[in-house]
Amino acid sequence: MPEDLASRRELKAVQEAMAARFGPAVIETAFKLGELTFKIAKDELRPALEFLKSRLGLDTLDDIIGLDNSRSVPAGGKRFSVLYQLRRAPGPLRLRLAVDLAEDETVASAVPVFTSADWGEREIYDMLGIRFDGHPGLRRIYLSEDFAGHPLRKDFPLAGDDDGV
Amino acid sequence: MSSGEKYPFVLTRLDTAITWAQKNSLWPLGSGLACCAIEMIATAAARFDIARFGMELFRASPRQADLFIVAGTVTHKMAPIVRRLYEQMADPKWVVAMGNCAIDGGPFPTYAVLQGVDKIIPVDVHVAGCPPTPQGLLHGLLTLQEQIARSHPTQEILKPDARGSR
């Protein structure tokens with residue numbers, strides 16, 4: 001797989017279209033391991049998803065990934081990242097949108113754009129406690145309703161806060 | 001009955017007669033929680049064949065079963081259901097904790113897994129292994145049969161308060 005963006009004509013076009021449409025809201029553009037990642041301002045996330053879906057044909061949301069960067073982020077930096085893995089189906093075109101969130105910040109839900117975001121966002125809420133504004137039913141998906149805490153946070157003890165029933 | 005004819009009879013303790021019947025017709029609840037269930041199924045199938053010990057009749061309803069083989073990982077989300085299944089079984093009833101997960105959480109010392117099914121229901125026999133072999137489970141079941149043979153069900157008839165304290 002070519003490792004530079006210039007040799008990937010389709011990705012280059014996407015990158016130019018994103019830069020033209022969102023300008024400084026695209027905080028960072030990275031191209032690693034054949035995959036293009038846009039770090040985007042939190043408030044521009046939903047417009048960016050809509051733009052990529054309707055204008056550039058990235059019509060499949062493969063996955064949503066939540067990260068707790070509290071061990072790697074410098075002091076004062078934002079703790080969480082949410083990654084949106086997009087694909088143009090059919091075809092090999094894939095790219096990633098990234099949003100950084102501080103501990104008390106919420107992000108717009110992707111469900112109005114991609115219905116498939118529903119369970120992914122519930123999983124991230126369940127495991128990391130990130131809240132998605134406008135999600136149609138943001139409640140726990142894996143753990144029981146009365147579970148306290150969010151276990152994939154780095155400061156959550158593996159064995160949990162209690163060891164019994 | 002004409003006098004002079006001889007009819008054979010047996011004298012035994014009532015406890016012995018009752019436990020003899022109980023231990024040789026255990027009806028397990030058909031429940032598998034994780035990979036241990038595969039070994040439990042193998043134990044029930046032709047090669048290992050727990051029909052030899054009178055317990056081949058896996059029931060789909062806890063109300064028809066008297067042996068609960070907890071075969072696998074009990075998560076916190078599953079725990080209330082396991083407890084409820086146990087409570088739905090009619091007395092007398094026995095529990096075998098099969099595998100390290102059911103014994104103490106096994107390889108999952110985590111927030112999501114109950115650290116031993118004996119935290120929610122009383123366990124008669126623990127069968128260690130990950131998973132236990134069918135031979136291991138059979139050994140556990142024979143151990144349970146020995147335990148039943150040593151029990152005193154008449155005490156529970158004579159003293160209702162003793163019920164459940166087996």
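In this predicted model, Leu57(B) lies in the loop of chain B that runs between α2 (36–44) and β1 (67–71). Leu57(B) counts as partly exposed, because 15 C-beta neighbours fall inside 10 Å, whereas a buried residue would need 20 or more. In space, Leu57(B) is 6.7 Å from Pro28(B), C-alpha to C-alpha, although 29 residues separate the two in sequence.

The loop between α2 and β1 of chain B also holds Asp49(B), a residue other than glycine whose phi is nonetheless positive, with a value near 60 degrees. With 14 other C-beta atoms within 10 Å, Asp49(B) is partly exposed, and the class of partly exposed was likewise given above to Leu57(B).

Turning to the interior, the largest nonpolar core has 34 residues, of which Leu67(B), Val70(B), Val96(B), Ala97(B) and Met98(B) touch the most other members. Two or more residues of this core come from each of α2, β1, β2 (94–98), α4 (99–104), β3 (125–127) and α5 (134–150) of chain B. A second core, separate from that one, comprises 31 residues, among them Ile40(A), Tyr84(A), Ile130(A) and Leu138(A). In soluble globular proteins, nonpolar side chains tend to be buried together.

Leu67(B) can be followed further through its contacts: leaving aside residues up to four places away in sequence, Leu67(B) touches Leu26(B), Trp27(B), Pro28(B), Leu29(B), Met55(B), Trp94(B) and Val96(B). Pro28(B) therefore appears twice in this account, as a contact of Leu67(B) and as the residue 6.7 Å from Leu57(B), C-alpha to C-alpha.

Where the chains meet, nine residues of chain A and 10 residues of chain B take part in the contact. On the side of chain A that touches chain B, five residues are nonpolar, three are polar and one is charged.

Each chain also contains a cis peptide bond that leads into a proline, as the table sets out.

| Cis peptide bond | Omega | Place of the proline |
|---|---|---|
| Ala89(A) to Pro90(A) | near -5 degrees | Pro90(A): loop between β4 (80–87) and β5 (94–101) of chain A |
| Asp91(B) to Pro92(B) | about -5 degrees | Pro92(B): loop between α3 (79–88) and β2 of chain B |

Pro92(B) thus belongs to a loop that ends at β2, and β2 is one of the elements giving two or more residues to the largest nonpolar core.

Technical notes. Residues numbered from 1 in each chain as written. Chains lettered and ligands numbered in written order. Predicted model: local features only at pLDDT ≥ 70, side-chain atom pairs only at ≥ 80, totals over all residues. Helix = DSSP H or I, 4+ residues; strand = E, 2+ residues; numbered from the N terminus. Buried ≥ 20, exposed ≤ 12 C-beta atoms within 10 Å, placed from the backbone. Core = buried A, V, L, I, M, F, W, Y, C linked by C-beta atoms within 7 Å. Contact = placed C-beta atoms within 7 Å. Nonpolar A, V, L, I, M, F, W, Y, C, P; charged D, E, K, R; others polar.
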